[in-house]
Amino acid sequence: MRAPGRSALIVAMIAFPIAALTLGATLIRTSVPTLEEYVTGEMGSAELVVHPATAGDVDTAAIASVLPRGSQVVAIHQWNHTEVVNGSLVYATVWETSIPIDRPPLPGLYVLMAGRAPTRTGEAAVDPRVVDVYRVSVGDDIAVGGRTFHIVGIAARPLQMSSPTLVVAPGTLDRAAVANSDDVFVSSLLVDLPKNADLASTTARLAKIVVGSDVRLRGKDAPDADVSLQDLIATRDNSAASFINDAPVLTGVSFAGTTLALFATGLIAAAAFGVGIRRQLRMLGLVGATGGDPRHVRAVVLLGGTSLGIVGAGIGVALGIAGAFVATPYLYRFTDRLPGAVVLHAPTLLGAALLGVVAATLSALWPARIAARMSTLDALAARLPPSKPPGRLAGRGLIVSTIGAAVTAAGMIRKDDVLPAAGSVMMVGGFLVAVPLLMNLAGRLAARMPMASRLAVRDTARHGRRTATAIAAAALALMAPVSVGALSLSEEAHQAQYQWIGKDHILIGTTGSETAPREMLTKIRDALPDSITVGINFAAWDAGVRKGTAGTDGGDGGLAFVERTVFSVDVRGHSFAAGWESAPLFIGGADLLRALHAQDGIHALESGKIVGIGPGSVEAGVVRLPLPPTAAFSSSDGERIEVSAVAAGATSYGNREQLPGYVISKDAARRLGLVPGGSGPVSPSFQTLVAALRPLTKDQIRDVKEIAAAYPGMFVQTLADFLPQFRTARAAATGAAALIALGIVAITVALVASESRRDHAIMVAVGAPPRVRRRIAAARAGLIALLASVIAVPAGFLSIAVIQFSRADLMVRSTCAQCSTHFPIVIPVAAISIVLLAVPLLASGWGWLASRRPKSNMMLQPLQ
Amino acid sequence: MNVLQMTDVTRIHGAGHTAVTALRDVTLGVASGELVAVMGPSGSGKTTLLSIAGGLDRPTAGSVEVEGAEISALRPSELARLRRQRIGYVFQQLNLIDGLTAAENVSLPLELDGVGRKQARQAALTAMSAVGIEELADRYPQDLSGGEQQRVAIARATVGKRSLLLADEPTGALDSITGESVLRLLRGHADAGGASVLVTHDARFAAWADRVVFLRDGRVVDETNTPEGPESLLVPR
Ligand SMILES: Nc1ncnc2c1ncn2[C@@H]1O[C@H](COP(=O)(O)OP(=O)(O)OP(=O)(O)O)[C@@H](O)[C@H]1O
Ligand SMILES: [Mg+2]
C-alpha cells in the first residue's frame, strides 16, 4: 500500500460507524424479546394466568374447584414497598411464589442468573437492580421495609427489570407479615392444565369466580368498559397477541442513523481519496498509457475504495460483535429487560457490512471520476487538474438554501408542522453544498491579510472542493454540540416554566405511615425563617356516602377527585390531545392556600367553595366530582356532583397528584361526605408542605436535606427533584460531539497539510524560519475549524429553533388556558463558544504542534 | 575573502550498502564579482553541491562558509535568515507556491523577513521588471507558462540585496533568447559585486562564466578559467 496512513484513516472512518451499527443492531436484537421469550416472560410455562380483580380476596380453593383434575395453581403474592436507600427513593417489589421458582411453570417467568432458587422460609433471590441499589450480593442478608431476607441467588423477571425486585421462598412473606399485611396481595395465579383440558370451557368457568357479578366486562354490549376478560384471565394466545415486536423498527432507525454518520465520514473519506489520488496518478497514467480507457482507470480507483471498504466493514462488524458481548450484561439498565444470549442476526450483520463497502466505494467515486477525465499525460506528470472556481452545484446550493429559508418562514407563518422542518433541512443542506462559494469569498479577501493567514486562506480556497467536503463533514459533527445544547437547555427552560411544584416548596414525606417528627420540622423552620409549614391531606369519601360503597376499614370510600376537561397538554415534549384530567382533592385551610400562593382564594374557601390553584383550573365557576364507584371495576360511569369553585393564585403547579391543586375547607368537605384520609394516588405521597415563600437557594436546599437525613425514613423533595436533569447528559454529549468534530478537523487539517507539504518545503528553502512554518500550519488548521464552526453554529441552532418554534405553535393551538404559549428557545452559549472559540483554537494549536519540518531536499526532487 | 568557500566537502546519501557518495572532497571558492558555472553529467552531484552551498543540505564532512560564517555552526533560525537575506536560489524544478501570485512569490523572502507588504511588492516589481515580467505580477503560477514561471523564480532569487546567487539549470525551460537574458541577469549580479553559481548542461551559457568547474562522480575533475570556446566545454556523456 503506497500510503498506509491514509488507508488506515479511511478504514477507520468506515469501521467506526459500522461497529456502532453492528453493536446497536445486535443489542436491539438481543434485548427485544422474541414472541416465544415474551410469552414465557409473561406466564412461564403455564397455560393460563389469572390476574385477580381485587386485592386480598382471592379464593384459591374456589379456583381449584373449577379446574380439571390434575391442574396445578401457583399463586404469586406481591408486596410493594417504597423506602429510602442510600439517600434515594426506591420502589421495591417483593414476590412470594407458592412453589420455588425453579419448578414448572415458573422457570422463564423467573430466570435464575446465579446462586440457587430460594426454597427455605426467609430466603430470597434478588435481581441485578437490587444488587446495584442495596449494594448486596449472594450470601448477604437484605432488609426491605423492616423485613430481613437471606439472599441465596440472583433472579429476575425478564420483562420487569425497571425497579428492584426480590422473589422469596414460599411462606416467607406470610410468616414475616406484621404491620401492613394488607399490602401483600395476590398479583397473579399461574394455572397449569393437564393434557387435553378444554381451554375455553375452563376459562369460562374461571371467569365466573374471578370476575364477580358486579364487574362490567368489555364486550359487544359494553364496549366502553374498562376491563376485558383477557385482562383478568390470559391464555398463551392472548399473551402472544399483545406482543409488539419493535426490533425491525429500531433496527431500521439505527440503519438510518448510521447512513447519516457514514455520509459525514464518507465526505472525509472522499477528501482522503482525493488527496491519495495525487499519489496514484502515475499509476493511473500508466493504466492509460498502456491502453486502458477511462472506464478502466475509474475501475482501478473504485476498486481501491471497495477493498478498503471491505477491510473497514469487516473490522467494524467484528468490533461491534465483540462490543455486544461486552455490553450485554449491563443492558438491563437501559431496557428494563433481561437480555438473553447475544443474537447475531446474519442479514443485519451482512447489511451493515454491505453498507460500509458501499459507502467506501461511493466516496472513491468522485476522485475516480476526476482520474478518468484526466489526460494520460497529465496523469503521468502527476499534475492535478487546476481546481475550478466553485461550480454550478455550489450556486444551486445557495439557491436551495434561500428557498429553504423561505419555506421555513412560510411554514412558521402558516403554522405548519412539516414545512419548517423540511425548510430547515433544505437550508442546512444547501448551505453545506455552498461551502466552496464561502471559501472562494474568503480567498478573495485574503490579499490584505498577513502572510501566514493569506497562505492559509488561499490554500484552503484553492483546494476548494476537496477541502469543502471535509469542512462540511466537520460542520455536521460540530452541529451536534450546538443542537444538543440548544435542545436540552430549551427543554430545561420549558420544564422550569412548567413548575411542577413551586420554586419555594419543600415536600416532606415518610416511607412509613408515621408523620414527620416535630423536631425535624422545627429545625427546618429555623433554617427557613418566615416559612409556612402545613400538612397535606387528601380528601377521601366517607363510607356510606352512597349505598353499596365498597368501604374498607377506617370508613375510607376512596379518594375524591376533581375532573376537568383539557384539550391538549404538553408533557415532557409529548403532546397528549383532548381528554379529561382528574386531580385529587385536598382538605386544607388558609395556611395551605398561602403556601400555594393562592391567598386570594381564602375568602372563597371559607365560604365553602372549592379553590382551584392557578388560572384555568376552574371553568364556569364549578368543578365536577365523580362519586365513588360502587364496586371495583365498575368504571366511573357518570354520576358526578358539581361544586361551585373559584380559581386562585397566579401559578398552576404541574404536579397535582402530590401538591394540592384543588382545595376544600374541612367544613365544606364534611358536608359533602369527605374526610381527610389515606395516601395519594401516586407513590410516594407527601405529608407535609413547607413553603419558604421565596425561591429556595441551593444552600437552603442542601441544609434542609441534611436536616432530614438525620431522621431515618424521611425524604424531602424540591422542584429540582421533579425536573429532569440534562446537565450531565448535555455536557457529555457536547464534549463527545466536540471531540468527534475535533477529530474530523484534525483529519481534514492533515489532509490539507499533506497537499501543502511542497509549499512548506519551498517556504523553508527561501528562508522561512520554523515559526513561520508553524504559524501557517496553525492558521490553516484554525481556519478550517473556524469555517466549519461558522457553518455549524447557525445550522445547529436554527434546526432546533425551528423545532421549538413549531412546538410553541402546537401549544398556542391547544386551548389549554393555563399553559404558556411561549416555548422557550435558549441559545446554548457554552456550546457555541466551545464550537466557535475552543475548537478553532484547539485545532490551530494542534496544527502548530503537528507541523513537521519538511525534508529540505523535497523541492530538489521531482514530485513523488 | 570568498563569498562562498567550500572546503573538502563530502556528501554521502544513505548508509551501508545503499550509500551513494554524491560529493567527494570538493573544494570550491566563489569570490564576489565572480560567476562560476558548474557542469557535469547527470547524477554527478551538481544539485547536491548547490544545495549544500545554499544551506538546504548539510555536508557529511568538510566545511561550508558563506560570507565567512560557517554554515554548520548556525542555528536553524539563523540559517533561515541567511537564506532569505543573503542567498538567492533558483531550483531545478519550478518551485513556486501555487497559492500566491507571481508578485507575492517574488516578495516572499522579504515578507518573511518582516518587510511591509507594500514595500515588499515594490521590490518584487523591480526584480520582476529586470526579467521582463512585471505585467504578470498578479497572475497565479498555474496561469503562467513554464518559462514565465522560471523567470518568476529567478526574480524571487534576486529580489533584495543578495550576495550569493545559486541557480540550478535556470535555463532548462527557456528558449535561447530568454535564456540569454537570464544569463545576462546572473552576469549583471556578479558584475555588481555579487557571487553567482550556475549549474548548466549548456556550454553556450557556460561561456558567460568567469570559471567553469567540471564534476564527475562527485569529484571536481577539471577547472578552467578561460573557456576556449563553447564546443570545447561540452562534456562527453
Ligand atoms: N536524497 C538522496 N538520496 C540518495 N541519493 C541521492 C539523493 N539525492 C541525490 N542522490 C544521488 O546523488 C547523486 C548526485 O545527485 P544530484 O542530484 O546532485 O545530481 P545532478 O548532478 O544534479 O544530476 P542532474 O544533472 O540529473 O540534475 C546521484 O547519484 C543521486 O542519485
Ligand atoms: Mg540536478
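**Close-up views of a predicted two-chain model**

**View 1. How confidence varies along chain A.** In this predicted model, the elements of chain A run from helix α13(A) (residues 376-380), with the lowest mean pLDDT at 56, to strand β20(A) (residues 662-664), with the highest at 93. Two stretches of chain A are worth finding while you look around. Residues 567-578 of chain A have a pLDDT below 50, and beyond near neighbours in sequence this stretch makes 28 contacts in the model. Residues 811-820 of chain A also fall below 50, with 17 contacts beyond near neighbours in sequence. Where pLDDT is low, the predicted coordinates shouldn't be read in detail. As for chain A overall, the average pLDDT is 76, and 75% of the residues score at least 70.

**View 2. Where chain A meets chain B.** Here 26 residues of chain A are in contact with 28 residues of chain B. Put together, the two chains bury about 2500 Å² between them, and 56% of that is on carbon and sulfur atoms. Four residue pairs, with both partners at pLDDT 80 or more, are in polar contact between chain A and chain B. On the side of chain A that touches chain B, the elements giving two or more residues are α17(A) (451-462), α26(A) and α27(A) (770-813). Of these, α26(A) provides the largest share, six residues. Sorted by class, this side of chain A has 17 nonpolar, three polar and six charged residues.

**View 3. A salt bridge between the chains.** How many salt bridges does the rule find across the interface of chain A and chain B? The count is two. For a pair to look at, try Glu111(B) and Arg454(A): their side chains meet in a salt bridge, at 2.9 Å from N to O.

**View 4. Helix α2 of chain B and its surroundings.** Helix α2(B) spans residues 76-85, and its buried residues are Leu79(B), Ala80(B), Leu82(B), Arg83(B) and Arg84(B). What do these buried residues pack against? Within chain B, their partners are β4(B) (61-66), β6(B) (87-90) and α3(B) (102-112). They also pack against α26(A) (757-765), which belongs to the other chain. That's the helix from View 2 that gives six residues to the side of chain A touching chain B.

**View 5. Asp57 in a loop of chain B.** Asp57(B) sits in the loop between α1(B) (46-53) and β4(B). Is Asp57(B) buried or exposed? Its relative accessibility is 12%, so Asp57(B) counts as buried. The side chain of Asp57(B) is joined to that of Arg11(B) by a polar contact of 3.0 Å. To place this loop in its wider setting, chain B has eight helices and 10 strands. Buried residues make up 53% of the 237 residues in chain B. Among contacts in chain B between residues at least 6 apart in sequence, 67% join residues at least 24 apart.

**View 6. Gly70 in a loop of chain A.** Back in chain A, Gly70(A) lies in the loop between α3(A) (60-66) and β2(A) (72-85). Gly70(A) counts as exposed because its relative accessibility is 64%. Leaving out residues up to four places away in sequence, Gly70(A) touches Asp192(A) and Pro194(A). Have a look at Leu193(A) too: it's 123 residues from Gly70(A) along the chain, yet 7.0 Å separates their C-alpha atoms.

Note on methods: Residues are numbered from 1 along each chain as its sequence is written. Chains are lettered from A and ligands numbered from 1 in the order in which they are written. Side-chain values use heavy atoms; hydrogens and water are left out. Buried means under 20% relative accessible area, exposed over 50%, partly exposed in between (1.4 Å probe, protein chains only). Helices (H or I, at least four residues) and strands (E, at least two) are DSSP runs, numbered from the N terminus. Contact means heavy atoms within 4.5 Å. pLDDT is the predictor's confidence in each residue, from 0 to 100. Buried area is the accessible area (1.4 Å probe) that two parts lose on being put together, summed over both. A salt bridge is a side-chain nitrogen of Lys or Arg within 4 Å of a carboxyl oxygen of Asp or Glu. A polar contact is a pair of N or O atoms within 3.5 Å; within protein, one must be able to donate a hydrogen and the other to accept it, and residues adjacent in sequence count only if both atoms are side-chain atoms. Ala, Val, Leu, Ile, Met, Phe, Trp, Tyr, Cys and Pro count as nonpolar, Asp, Glu, Lys and Arg as charged, and the others, Gly among them, as polar.
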